[in-house]
Amino acid sequence: MRRVPEILEVESYRRLCDQVVGATIVRGFADGYLAKKLPTPATWARAVKGLSVTGTDRRGKLLLLETDGPTLGIRFGMTGVLLLDTEAGIEGLFYGPHSFKEEWVRGGLEFADARRLLVHDPRRLARVEIDPDLEALGPDALTLTRRQFDAALAVERGEGPAVKARLLDQARVAGVGNLLCDEALFRAGIDPRTPVSHLDDARRGALYRALRATTRTLGRRGGSHLGDHMAARSRGGLCPLDGEAMATATIGGRTTYWCPRHQR
Ligand SMILES: [Zn+2]
């Protein structure tokens, strides 16, 4: 199964980047895909040369490297992986079905101590940014408060969108990916198609707690793909709680699985 980097994977890349805090960038490189949001690939090389990394951060699935100059952002798209070219980095983060190919290294940063931070991305959807616009993103899913969660589900008019579509909207909450979202709804017993306005305070509370528990539990297990409902994400999959045949549909643009018996 292909694994899309979700918030927990990007959080693990952020922790990897903690190892380069204090290091000085001697060279940056990016191909036309990785640099697609910049005027030219050379923009990246010019902007990063000589910067010192002062810290790391993350907003949703956007990784941030703080420097003594601009903030550098990296998005990982569908197949992006961040590697620090030490054995520990590759062993720790280069997961299963992907294989490493030099030609899939789209760019990265080289430090004064010769270490390199590399973006490896077969599908070419990862992007680097310089001083990314954080205003466009909602509060981060891993540190979301109940108040922020309620604000994210607020409806201006009508019934509002399906709760799943709203949770995937990065402008409302940054970092809820497809698998995390399905797992939280599964745990909360909520049908992903439910219009947000139909969720009363008790059900919103249940969903908030399920989302918190899901991010913590899956973080501990080691990734967004390790949810309780994952084994049932296939044709003919059965709910691990009650044995009901799982339903599937595209919601919020993503393939969604849910149990029609206990998710209502
Ligand atoms: Zn069920």
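**Strand pairing, cores and the zinc site**

In the predicted model, L72 has I130 of β8 as its bridge partner. The two strands concerned, β4 and β8 (residues 127-130), run antiparallel and are joined by four bridges. Strand β4 also pairs with β3, again in the antiparallel sense, over three bridges. Within that pairing, L64 is matched with G73 of β4. The connection from β3 to β4 is a hairpin of four residues.

Strand β7 takes part in two pairings. With β5, strand β7 forms four bridges, and the two run antiparallel. L83 is bridged to L118 of β7 in this arrangement. With β6, strand β7 forms five bridges, also in the antiparallel sense. Here V105 has H120 of β7 as its partner. The hairpin of β6 and β7 has four residues between the strands, and A114 in this hairpin adopts a positive phi near 80 degrees. How enclosed is β7 by the rest of the structure? Four of its five residues are buried, so β7 is largely enclosed.

Several of these strands also contribute to the largest nonpolar core, as listed below. This core comprises 33 residues, and L82, L109 and L117 have the most contacts inside it. Two or more residues come from each of the helices α1 (7-17) and α2 (41-48). The strands that contribute on this scale are β1 (25-30), β3 (62-67), β4 (72-75), β5 (81-84), β6 (105-111) and β7 (116-120). A second core is separate from the largest one and contains 25 residues, among them L144, A188, V196 and L218.

Attention now turns to the helices. Helix α4 spans residues 146-153, and its buried residues are F149, A152 and L153. These residues cover an arc of only 95 degrees around the axis, which means that they lie on the same side of α4. The elements that cover the buried residues of α4 include α5 (163-168) and α7.

Helix α7 consists of residues 201-221 and contains R203. Is R203 buried, exposed or partly exposed? Its relative accessibility is 26%, and R203 therefore counts as partly exposed, since the buried class ends at 20% and the exposed class begins over 50%. When neighbours within four places in sequence are set aside, R203 is in contact with G189, I190 and R264. R203 is also distant in sequence from A23: the two are separated by 180 residues along the chain, and their C-alpha atoms are 47 Å apart in space.

The final feature is the metal site. Which residues coordinate the zinc ion? The donors are C239 (SG), D242 through two OD entries, C259 (SG) and H262 (ND1), at 2.1 to 2.7 Å. Along the chain, the donors of the zinc ion follow the spacing C-x2-D-x16-C-x2-H. One of the coordinating residues, C259, has a relative accessible area of 0% and is therefore buried.

How values were computed: Residues are numbered from 1 along each chain as its sequence is written. This is a predicted model: local features need pLDDT of at least 70, side-chain atom pairs count only at pLDDT 80 or more; totals for chains, interfaces and linings use all residues. Side-chain values use heavy atoms; hydrogens and water are left out. A nonpolar core is a set of buried Ala, Val, Leu, Ile, Met, Phe, Trp, Tyr and Cys residues joined through side-chain atoms within 4.5 Å. Buried means under 20% relative accessible area, exposed over 50%, partly exposed in between (1.4 Å probe, protein chains only). Two strands pair if DSSP finds at least two bridges between them. Contact means heavy atoms within 4.5 Å. The arc is that of the directions from the helix axis to the C-beta atoms. Donors are N, O and S atoms within 2.8 Å of the metal (3.2 Å for Na, K and Ca); water is not among the atoms, so sites may look incomplete.
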